[in-house]
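Student: Could we go through this one together? I'd like to know where the labels come from.

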Amino acid sequence: MAAPAQALSVAEQLVQLQAARKLALSTPAYYERIVKGVLPIIGPSAPIELRRWGAEFLAESLATPVLSIQEKESLTLAVLGTLQALLEGGDDDSIVLKASIAAAASSYPVIVRWIVNNSYHTESWEQMTAIKSRILRIWDNAPPPVKLSCIKFAQRVVLAQTASNGQEARAPGLDVSLDKIPASITFLDPRRMEAEATGLLDRMLGVLQDNSSDALLVDATLNCLSILIRTRPSTSNRIINCILNFNPLKLANSPMTPKIKVLVKSMEKTTRMLLIHILKRDPSYQPGGPNYQNSGRIQQYIQRLERSRIEIFDEAGRKRVLADQTAAQYGDAKRQKTEAPVAAPVTIPPLPPGPHTYAALYTVTSNPGLQSFDATQIPAPLASRVVVKALASIDQRVLDFTIAGIQNRLKTFQPLSATAAAVAAAAQPGAINAATAPLGVDEDDDDYEPNFNAAEDTEQILNKLDSAPPEVSPELGEGNAALGLGPFTLPPPPLIDPELATKLAQPASSRLFGPLSSLKEEGARKPRAGINRLAASSYDRESWLAVLARLSTRSTGGIQDVKAENAGSGPLALNEIIREMLFNYILEDWRRRIEVAVAWLSEEWYNDQLTKRSGSWGPLHYERCALRLVDGFINYITPQDKVLTRFLAEIPELNRDLLGRMKLLCGDPTTVNLTLTSMLYLVMMRPPAREIALDTVAEIWKEFEDARPLAAKYLVKWRPGFIESQTAGAAT
Amino acid sequence: MEATNGSSAAAMPPQNGHREDPGGFKLKFCTVCASNQNRSMEGHLRLALANYPVISFGTGSLVRLPGPTITQPNVYKFNETSYDSIYRELDAKDPRLYRANGLLNMLGRNRNIKWGPERWQDWQIGMPRTKQQTDKGYEGMEAGVADVVITCEERCWDAVIDDLLNRGSPLNRAVHVINIDIKDNHEEASVGGRAIVDLADSLNKVAVEEREKTGASAFDSGSGREGFDERVPEVLGEWQERWPHLPATWTLAWF
């Protein structure tokens, strides 16, 4: 290959080299020989044309997808020396540098992989390291085309020196990552390598952090970040945060020359494309993925960007809006979703002229046996079952096709009125102009717009349907009135007798309790709105319970009062069922639901007051319910249940019966303290109940020996003279 | 503003004209539309006639051509169907219709350019294209890479960028991806084809200038030292002034 260089002119050499390159392209087996052959000709001392050709050929060869990463190893090892010489040999032609650095970028993962498997061969790693530090040194001051390659080189280093999640595409070299580097090789310290990668990533992202207006570098950076975000989890948050803080529209504040316009549009679109791509393709940003919580932020950023862009390129924005409106008005023929037509399995022959029966009109089969079959003989329930099954399994296209066929038949029937004819004529497309007829047929858009808000689409369709004129088909309206449908009303529901109603009330009320399990407890954080708040206004569990309590207390207030009294033994009325369920609900977890109990009892008490005031002799429920509740949980009370104190303090009314129940607690020495403390609380904080509370304490003192010391203490303070009178009485 | 597309592009070569090959450095182009039939093929042909290395692709999932009604398009698979077979099929179906709407004319042109429509997403970038030697614009495309990708519709540009992001840029090769919005009909495709050649000429001129500068150091920050890549936006901005009705978008991406 290496022809005697002196004998040939540069142009002749280039022709020869070009021929060699074509040979390698057509027969990949020759790659190695040809690459090694050209190395001496393209070194740093060669003429500039040869160096450029050589550097570009090396970049091409090291990147070619024809060779596997194994096959590239010896190739890469062979060219490292030349690459290093080209980069360090004082060569500062930007084309040579750009291509050499691109070649180095392709070499990097190959060498990392190789050195991991052949750690004794440190020489090539040292060469690669030298190349790397040279590139990183010239990066800052390089001209833009060279900088592009430096960015890409840094990206490959980051890719090779961070841990992978194994999601990369099957392209050689992309899967070389930090987790492939064992800790055993001393000069490949994974921690140092990762630290270096982090530093390089920051350097890459610098262009975004500085809000650079150099679109070339911004685009080049953004367009190589995707694989890092998707396959190197440790980089992804850093990159995304950086992008979300980047303002690609900053340049729009300067005067809009044609070039600036191109730059602004480019950076905005590139940023948006990358984010949309990540939302669409990165599983970790999908629902359930670890980064899902960030996707909302990304969406917002995308929307904000889009709005600002429309503001900046106002004219373009307006043009789009108009186009959209037209599309909405006439239906966008170009974007219509249609499927490839299938060969219709049924044919629907048009009916010959003349009178026909409806049966003939709707008969699509051509089998005479089936045609003569009288479908009305099938019992209706069976027929409906058959129809439902058939509709569920029928191919939509066949159905559409058949419906269209029947419609066609109907149309041929109608004497075409003048208006219908005009409509039909208007619908006929005019003569096609071959030059301007649209060629773009429907596209299924599978790779196009990410379908972020399908819900909106549905809504749009519904809106469109709403505003569409009512579909009165002309042929039904005119001429053939017999085919039109008359007004249809549902038959009135059968009357419900009280017994059935109460029977139905049971399941109905159990459904009322269904939402409780799914409704969230709003927690105590919520600031209380005080006495002026509206009950049941916050759609949480508390609100729903308020609704339930009122249903049980007031739903039938004033209606069935007297009747219910009489029908004592009959089935429970609706509100009694709810009461029962509310009672059970509270007792299921009475410690935590004591608040519910208080709320409910308050409602009961209030309702009782209303009943009393109305003068009707309706039943009162408060006392009964309160006693029942207390009886329900009193057996489970332990010394720690301070809720008892709270319950007694908060329920709207106390009476002797209720407090009498408390005495029972003193039978257990462990709960004496709790009981008496609760009483003391009532005595101190609830003056209207003070007397009955003290009476209770006094009774406790009398009845329970174990409780005496504590009870005596309270009595001495709050009912001086009582104990003396008792003991005196006992003494006498 | 009564500016019309290409109003000031006075130095355009004669329409559809084959022009002399001046030789020298050539940028490699790739044109892309939805079905690789009309706009990208018009661009492909024009660029090939202007002696540029060029390949072309479609980004749709299927090749779609108009049928007898809007809901009955003719649908073909990419990479498996030749222009010639589509031509023959449509000619057999309804020669009058497909001649009247220009499809047969278009397919007749396309079958002389290359074998069949190719899908962008299935393109193995960098795979040597040694079997396509009879394609128009083959010369220079042997290595199967391009310097500039020109798409003819915004969503094709989006599809190309999304695909490149997805591939993960294994080749470390920069590529300029430019969208030119061209309506999908024969007339606009023809106008767009001229605009594409105009852009290609402008870009290539800059690239040749970069190549011709030798000797001076890349690190001199003197004037006139700008390389091709950084001048692309400027060239595109100037081009946009000449073709105001073909809105363009650009980015620098990676193969």
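Tutor: Sure, let's take the helix packing, then the interface, then the salt bridges. Keep in mind that this is a predicted model.

Student: Why are H5(A) and H7(A) called roughly parallel?

Tutor: Look at the angle. Helix H5 (residues 94-117) and helix H7 (residues 144-160) of chain A pack at about 5°, with axes 8 Å apart. Angles under 35 degrees count as roughly parallel, so H5(A) is roughly parallel to H7(A).

Student: Which residues make that contact?

Tutor: On H5(A), they include A:Leu97, A:Ile101 and A:Tyr108. On H7(A), A:Val146, A:Phe153 and A:Val157 are among them. The contact residues divide into 13 nonpolar, two polar and three charged.

Student: How do you know that chain A and chain B are in contact?

Tutor: Contact means heavy atoms within 4.5 Å, and by that rule 80 residues of chain A are in contact with 74 residues of chain B. The area buried between the two chains is about 6,600 Å², and carbon and sulfur atoms give 58% of that.

Student: What makes B:Glu139 and A:Lys22 a salt bridge?

Tutor: Their side chains meet with N to O at 3.3 Å. The cut-off is within 4 Å, for a Lys or Arg nitrogen and an Asp or Glu oxygen, so this pair qualifies as a salt bridge. Between chain A and chain B the count is nine salt bridges. There are also 23 residue pairs in polar contact across the interface, both at pLDDT 80 or more.

Student: Which element gives the most to chain A's side of the interface?

Tutor: That's H12(A), with 13 residues. The residues on the side of chain A that touches chain B divide into 38 nonpolar, 16 polar and 26 charged.

Student: How many salt bridges are there over all chains?

Tutor: The count comes to 55. One to look at is A:Arg113 with A:Glu73, where the closest N and O atoms are 2.7 Å apart. Set that against the 4 Å cut-off, and the pair counts as a salt bridge.

Student: What does that pair tie together?

Tutor: A:Arg113 lies in helix H5 and A:Glu73 in helix H4 (residues 69-88), both of chain A, so the pair ties together parts that are 40 residues apart in sequence.

How values were computed. Residues numbered from 1 in each chain as written. Chains lettered and ligands numbered in written order. Predicted model: local features only at pLDDT ≥ 70, side-chain atom pairs only at ≥ 80, totals over all residues. Heavy atoms only, no water. Axes fitted to C-alpha atoms, helices over the stretch in contact; angles between N-to-C directions. Helix = DSSP H or I, 4+ residues; strand = E, 2+ residues; numbered from the N terminus. Parallel < 35°, antiparallel > 145°, perpendicular 65-115°, else oblique. Nonpolar A, V, L, I, M, F, W, Y, C, P; charged D, E, K, R; others polar. Buried area = accessible area lost by both parts, 1.4 Å probe. Polar contact = N/O pair within 3.5 Å; in protein donor to acceptor, adjacent residues only side chain to side chain.
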